[in-house]
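Please look through the model below before reading on; the paragraphs that follow lead from its internal spaces to its metal site and then to its sheet.

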Amino acid sequence: MNTYDIHIKNGEVIDGTGAPKFKSDIVVDKGKIIGVFPPNHDDVREKSEKHFLSSFKARNTINAEGKIISPGFIDVHTHDDHNVFSDPSMTCKISQGVTTCIVGNCGISLAPFSYKGDVPAPIALLGKSDNFKFPRVKDYVDEFNNNPSTVNVALLTGHSMLRVEAMKGEFDRPANSKEINQMIDNLMLAVEDGSIGMSTGLAYPAANAAPTNEIIELVKILPKMNGVFTTHMRNEAIDVIKSVKETIEICSSTKVRTIISHHKCAGRDNWGKSKETLKLINEAKQNNFLDLDCYPYTASSTMLLKSFVKRADKVLVTWSDNYPDVSGQDLNDLADNFGLTIDETIDKLYPAGAIYFQMGDDDLNRILKFDGSMVGSDGIPGDRHPHPRLWGTFPRVLGKYSREMKLFPLEEAVYKMTGKSASVFGLEKRGTINIGNFADLVIFNPDTVIDKASYQSPMLHADGIENVFVNGKMVWQNNLSTENRPGMFLEGKKFN
Ligand SMILES: [Zn+2]
C-alpha cells in the first residue's frame, strides 16, 4: 500500500476557477495535489476514486467537515520584498491563507538596485538603505532560495529603481534616450533573472516626471519576454479618469498584460468616478489584457506626504523615524499638541508613514465586484502601526464582502484571490485545485472567517483560517505558524 503525505477528508472544495463548490477528498504527496474528485464523474470514475481512496495510507489525515478547501490565496499586491527575510514566518499573510506574495509593486522593488545616494519617496517604504543589497534580481533570488519564507514569492521590477539608478538620482525630469536604453537593458536582465515584469509608481516623486512615452518605451519589451506591467497610476484622485486613459494608452499601444494597482477614487470630490473608470476599463478589456487589483478598505496608506494629506478626511500616522511614539495617532491631534500647522507637523515627522481616510464605500464595492478585479492587500509590513489591510484583507473579502454583504458568492471571492490571479500573473500550476498543481491550500470555516485587524488594533490575525499548506507543507495550524519554510521563488510562466 502506498503512503502519501496528506489526506483531507469530508470538506467542500472551491477549486479557484469560479465553479460551484463540490464535496471531495484531496490527496497531496511530494508537494503536489495528486487526488481530487470533481462532481459529475461517471460510474467508472467513481469506482476508481473509491479504489484510489482505499488504496493508500496518509501520514497526515485532516478532517475538514464543514470547512472549505480552496487554493492558497495569492496576494497580488505587496511590499513584502524585505519582510520575507526579516520575518520568514510571514505570519501576517499565512494567517489570512495567503500562500504567494507578489512583491515589487508601486515602482519600488528591493532588486535590482545598487544606487547609493539619497533616494526619493516612496523607496523608504522598503526599509533602510542596508536592505538594498541586490544589484541584480538573481542576487535576490539566491538570497530567497537560501533563506526561504513560508510563502512563495514572485518579483516585479520597480520602474523607480531603474529610473533612480539610470538617472543617478536626478529623478525630477524625463529620462533621456541614453538613460531609457540603460533602463531597458536593466529591465531585460531583471526579467531574464526571474522577475515577472515591471511596476510603476507614477504618483510618487521618484517617477512623477516620467512622461507616458518613457513608460511605453520600457514596457513594450515585456510582451515578448512574457512579462506583466502593473501600475500605481499617476493620479488616483481628481485626474483618476485621465490616469486610466493613460494606462489604457500604454496597454493598447504595447499589448502588454496590464494591471491597475489598488484601483480607487481618492478624495470626496472624486467619489463616484469609478463608474466611469470601470466603464473605460471594461471597454479596453475587449481588445487588451487589462485587469486591476484592490483592497477592501476605504482608507489608503503610504508615506506621509503633503499632497496626500490635503484630500483626506482624516490622517493617522503609522510611523515616524524622528518620533516613533506618534504611531497610531491622528495628524490633527499631533499638530495641536506640537502647536504647529499641519505642514509644519509633516516636516517635523518626515520621513513618516500615514493612513488616509479618503475613499467611499460605493466606489469600493463597485471596484471589488468588478469582473476584472483581483484582491491584493498593499500591506506595508515595516510600519509600527500598519494599516489593517496587512493582516485582514483576504478574510475580510470572504467574511464581510461575500458572506455578510453578499457582494458576490464565495466561489467568486476565492476566484479573485486564486485562479484569476495566477492566470493574470502567469503563475503556473498555482491558483486552482487540480491534479498535478502545487499543493498551496487553505482550509477555512465559511461561517466564521473574518478579519480582526482594525485601525486601532491592526496586528490581529483573522478568525476562521484553520490550516494553510504551501507546496504540500503545513505552515499554519491552531492559529500558529509552524517551523516549515517551504516557499519557492516563482519566475512566472512563459505566456506564448
Ligand atoms: Zn501603490
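**Cavity, metal site and sheet**

Strand β15 (residues 299-303) contributes 3 residues to the lining of the largest cavity, the most that any element gives; helices (H or I, at least four residues) and strands (E, at least two) are DSSP runs, numbered from the N terminus. This is a predicted model, in which local features need pLDDT of at least 70 and side-chain atom pairs count only at pLDDT 80 or more, while totals for chains, interfaces and linings use all residues. Residues are numbered from 1 along each chain as its sequence is written, and side-chain values use heavy atoms, with hydrogens and water left out.

The space in the largest cavity comes to about 110 Å³. Its lining comprises 19 residues, of which Y204, H232, S301, T302 and D378 are the closest to its centre. The structure has 3 cavities of 30 Å³ or more. The largest pocket, by comparison, has a volume of about 730 Å³, and among its 32 lining residues A124, L125, L126, G127 and K128 are the closest to its centre. On a 1 Å grid over the protein atoms alone, a cavity is a set of points where a 1.4 Å probe fits but cannot get out, and a pocket is an open set with protein on both sides within 12 Å along at least five of seven lines; lining residues have an atom within 4 Å of a point. Grid points are joined across faces, edges and corners, and a volume is the space filled by probe spheres set on the points.

H232 is also a protein donor of the zinc ion, together with C106 and H262; the donor atoms SG of C106, ND1 of H232 and NE2 of H262 lie 2.0 to 2.2 Å from the ion (donors are N, O and S atoms within 2.8 Å of the metal, or 3.2 Å for Na, K and Ca; water is not among the atoms, so sites may look incomplete). C106 lies in the loop between β9 (98-103) and α4 (137-146) and H232 in strand β12 (residues 228-232), so the pair ties together parts that are 126 residues apart in sequence. C106 counts as buried because its relative accessibility is 3% (buried means under 20% relative accessible area, exposed over 50%, partly exposed in between, with a 1.4 Å probe and protein chains only).

Strand β12 belongs to an open sheet of 8 strands with parallel pairing, in the order β8-β9-β10-β11-β12-β13-β14-β18; two strands pair if DSSP finds at least two bridges between them.
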